[in-house]
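This report describes selected features of one protein chain for a reader who has the sequence and the coordinates at hand. Please keep both in view while reading.

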Amino acid sequence: PVSAGEVLKNLNKFYKRKEIQRLGAENGLDARLFHQAFISFRKYIMESSSVSADLHIILNDICCGHVDDLFPFFLRHAKQIFPMLDCMDDLRKISDLRLPPNWYPDARAIQRKIIFHAGPTNSGKTYHAIQRFLSAKSGIYCGPLKLLAHEIFQKSNHANVPCDLVTGEERVYASEDARQAPHIACTIEMCSTNTPYEVAVIDEIQMIRDPARGWAWTRALLGLCAEEIHVCGEAAAIDLVTELMYTTGEEVEVRNYKRLTPLTVLDYALESLDNLRPGDCIVCFSKNDIYSVSRQIEARGLECAVIYGSLPPGTKLEQAKKFNDPDDPCKILVATDAIGMGLNLCIKRIIFNSIVKPTINEKGEKEIDSITTSQALQIAGRAGRYGSSFKQGEVTTMHRDDLVQLKEILSEPVRPVKAAGLHPTPEQIEMFAYHLPDATLSNLIDIFVSLSQVDGLYFVCNIDDFKFLADMIQHIPLNLRSRYVFCTAPLNRKEPFVCTTLLKFARQFSRNEPLTFDWLCRHTKWPLAAPKNIKELVHLEAVHDVFDLYLWLSYRFMDMFPDAVLVRDIQKKLDNIIQVGVCNITKLIRASQSAAASVTAEVVSEDFPLSRTKRDTRPVSDRHGVKSTEALSIAAVEVPGERRAKNLKAYRSATRQEDVKSHGRGSLANRLLREGLLTQEMLRQLESEWQDQHRNGRYGLGSKRDDQNSSKDTGKKKK
């Protein structure tokens with residue numbers, strides 16, 4: 001027999017030996033894989049009732065100190081749980097990302113001229129690039145947003161330059177007979193690296209460092225087959241673009257631009273919404289703040305437009321048009337940083353409601369930090385647009401404390417862009433799958449990233465969203481290429497309705513059953529009515545995203561998603577419905593507040609039903625010494641789900657001591673509501689039954705038991 005304690009002690013000694021770690025690295029086990037393999041190996045030995053005779057002998061021997069003899073057994077076990085160790089050399093070659101320029105032989109076959117138009121927002125850099133695009137025999141514009149691609153599409157055709165529009169969800173031809181035009185305006189992910197052009201324009205090149213989408217700018221910059229590549233963006237990207245082009249043997253011509261209108265940082269904060277002026281734009285970094293600020297503006301008798309990221313493009317354009325119209329009474333804009341790109345707005349003054357923004361870092365982790373200099377300049381630069389009625393832009397903050405920090409942020413130099421993003425291609429993943437046929441797509445991606453080699457000019461983009469979708473549809477039988485396409489679908493994984501729909505799409509796709517217009521209408525309960533509150537508006541936005549998802553998939557699987565034309569028609573109708581909701585957003589907020597107030601009132605009536613023979617009809621604020629204005633602020637509208645909890649938060653804190661005295665452990669109704677075990681309808685029914693029983697002097701068995709428990713908790717006998 002072998003002592004388990006001695007074996008464990010020697011296994012840990014084996015793990016810590018530098019020679020063993022070096023041997024593991026030589027056999028393809030990096031630090032992460034070595035650790036995982038050892039944990040599995042240790043578990044196998046310690047939990048096995050018996051092991052092979054030769055391993056048993058070694059375990060006896062290592063008690064005398066020969067721990068290195070365990071390595072062959074450890075390596076054999078590691079190869080069982082990591083099959084790629086047998087083909088590590090091949091996998092390393094496939095995942096070698098050190099020479100991305102070589103992926104695009106067509107682009108390397110021509111000598112391209114690279115022109116970098118560098119300057120801040122509102123400097124005319126993109127204008128000059130587009131002028132060259134329009135004068136060329138053929139060209140492609142690559143932008144970060146559908147709105148920008150659509151703007152160039154319209155501008156080109158209005159200038160009598162036939163131009164097609166290509167986004168992930170649609171293709172619009174300039175000609176009626178659907179012939180491809182020599183010019184194309186597209187979202188950057190959709191650009192072709194095989195079609196030759198005279199001129200290509202890559203907009204917002206600084207996004208090459210984006211943790212999620214940077215790979216698309218890298219692909220366009222290295223792979224577009226154009227005689228001239230016009231790159232537009234911040235000067236912070238000049239050095240990186242120059243270095244990347246040095247590896248392709250191409251020189252970069254830099255053209256610098258200065259802002260066309262002056263931008264002034266004010267010496268005073270707004271401090272109160274009473275100080276708003278026509279042409280003001282309040283920038284918030286959350287929907288909650290959008291709702292709260294727009295409601296407070298409306299309460300002052302002012303009308304405001306609202307723009308945030310999850311709104312459909314048509315609604316954003318309509319709100320921008322409303323704000324820009326000099327004859328419209330709407331003179332105030334409340335927006336997120338979505339205004340930083342894609343919308344032409346006549347803004348006099350930018351007011352930062354906050355300078356703190358949630359972000360996702362390169363590891364996919366959520367962080368909350370002050371906005372960067374690049375972000376601050378991008379947003380602030382929207383004030384005083386050249387050609388608008390405002391010849392000078394101003395920027396300030398809502399709160400005095402933030403103004404000092406904003407000035408510091410704006411005065412700092414923009415951090416240079418250090419690296420360009422990369423992403424594994426479908427072909428690379430297919431080659432991995434050939435060597436590892438039993439691995440899941442999520443595991444293939446993990447292995448690829450762990451083995452990938454990049455030089456200092458590149459980084460591998462965050463693939464958490466891809467892996468999330470891969471794990472979600474793993475149980476559905478799909479071929480690898482189709483599975484990969486579904487996992488690259490552009491959706492927000494925080495929207496349960498959209499994720500559930502993708503799952504249903506994939507399931508029906510796997511059964512080879514086309515997803516028809518009728519099926520989609522049943523799933524989304526189309527037709528839909530105008531929203532009555534914020535919760536319904538948020539749901540309509542999710543339905544719009546579902547239609548986008550259908551159109552995106554129809555572009556890739558036309559036979560399985562055959563009704564793109566019909567879906568596009570109802571999406572336009574839904575866009576109009578959402579526009580109505582956004583125009584009446586303050587009414588929706590008030591409706592949501594009324595619902596929240598009723599929730600509070602119902603919980604109050606349940607909290608102390610036995611201690612009052614007559615319901616206290618005074619407002620909660622009066623009962624607990626809270627001023628009515630403070631009580632009103634308690635009802636500030638939040639995102640559905642968080643809204644009720646926040647509305648009740650102030651009430652709970654005010655009544656917590658009374659709750660503890662009366663109930664010992666706080667309100668049961670509160671706890672059940674929070675945990676979702678009790679609905680408002682059930683609460684009302686229980687209250688009604690209790691009142692009936694109380695009037696008739698009859699109690700069921702449950703009531704007697706509750707009374708007895710209550711008397712034990714409080715030390716009082718209740719009838």
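The sections below pass from the chain as a whole to its helices and then to individual residues.

**Overall architecture**

The structure is a predicted model. The protein chain contains 30 helices and 18 strands. Of its 719 residues, 48% count as buried. Among the contacts in the protein chain with a separation of 6 or more, 74% are accounted for by residues 24 or more positions apart.

**Packing of helices α18 and α20**

Two packed helices are described by the angle between their axes and the distance between the axes. For helix α18 (residues 464–472) and helix α20 (residues 496–510), the angle is about 50 degrees and the axes are 10 Å apart. That angle makes α18 oblique to α20. The crossing of these two helices, α18 and α20, is right-handed. On the α18 side, the contact is made by Phe 468, Leu 469 and Met 472; α20 contributes Cys 499, Leu 502 and Leu 503. By class, the residues of the contact of α18 with α20 comprise six nonpolar, no polar and no charged.

**Helix α23**

Helix α23 covers residues 564–583. With 20 residues and 1.5 Å a residue, α23 should span 28 Å, and its end C-alpha atoms are 28 Å apart, which agrees with that expectation. The buried residues of α23 include Ala 564, Val 567, Ile 570, Leu 574, Ile 577, Ile 578, Gly 581 and Val 582. Arg 568, Gln 571, Asp 575 and Gln 579 of α23 are likewise buried. An α-helix has 3.6 residues a turn, so residues three or four places apart point the same way.

**Helix α14 and its surroundings**

Helix α14 (residues 373–380) is mostly covered, with six of its eight residues buried. These buried residues are Thr 373, Ser 374, Ala 376, Gln 378, Ile 379 and Ala 380. Which elements do the buried residues of α14 pack against? Four strands and one helix are listed here by name: β9 (263–265), β10 (280–283), β13 (349–352), β16 (393–397) and α15.

Helix α15 (residues 400–411) is also the place of Val 404. Val 404 is exposed, with a relative accessible area of 54%. The C-alpha atom of Val 404 is separated by 9.7 Å from that of Ala 269, a residue 135 positions away along the chain.

**Backbone features in loops**

Two asparagine residues have a positive phi although neither is a glycine. Is each of them buried or exposed? The table sets out their values.

| Residue | Phi | Loop | Relative accessibility |
|---|---|---|---|
| Asn 122 | about 70 degrees | between β1 (113–118) and α8 (125–135) | 15%, buried |
| Asn 160 | about 65 degrees | between α9 (146–158) and β3 (163–166) | 70%, exposed |

Asn 122 counts as buried because its relative accessibility of 15% falls under the 20% cut-off. Asn 160 counts as exposed because its 70% is over the 50% cut-off.

Another backbone feature is found at Pro 527, where the peptide bond from Trp 526 is cis, with omega near 5 degrees. Pro 527 lies in the loop between α21 (517–524) and α22 (534–554).

Technical notes: Residues are numbered from 1 along each chain as its sequence is written. This is a predicted model: local features need pLDDT of at least 70, side-chain atom pairs count only at pLDDT 80 or more; totals for chains, interfaces and linings use all residues. Side-chain values use heavy atoms; hydrogens and water are left out. Axes are lines fitted to C-alpha atoms, for helices over the stretch in contact, and angles run from 0 to 180 degrees between N-to-C directions. Angles under 35 degrees count as roughly parallel, over 145 as roughly antiparallel, 65 to 115 as roughly perpendicular and the rest as oblique. A crossing is left-handed if the near helix is turned anticlockwise from the far one by less than a right angle, and right-handed if clockwise. Contact means heavy atoms within 4.5 Å. Ala, Val, Leu, Ile, Met, Phe, Trp, Tyr, Cys and Pro count as nonpolar, Asp, Glu, Lys and Arg as charged, and the others, Gly among them, as polar. The expected span of a helix is 1.5 Å times one less than its number of residues. Buried means under 20% relative accessible area, exposed over 50%, partly exposed in between (1.4 Å probe, protein chains only).
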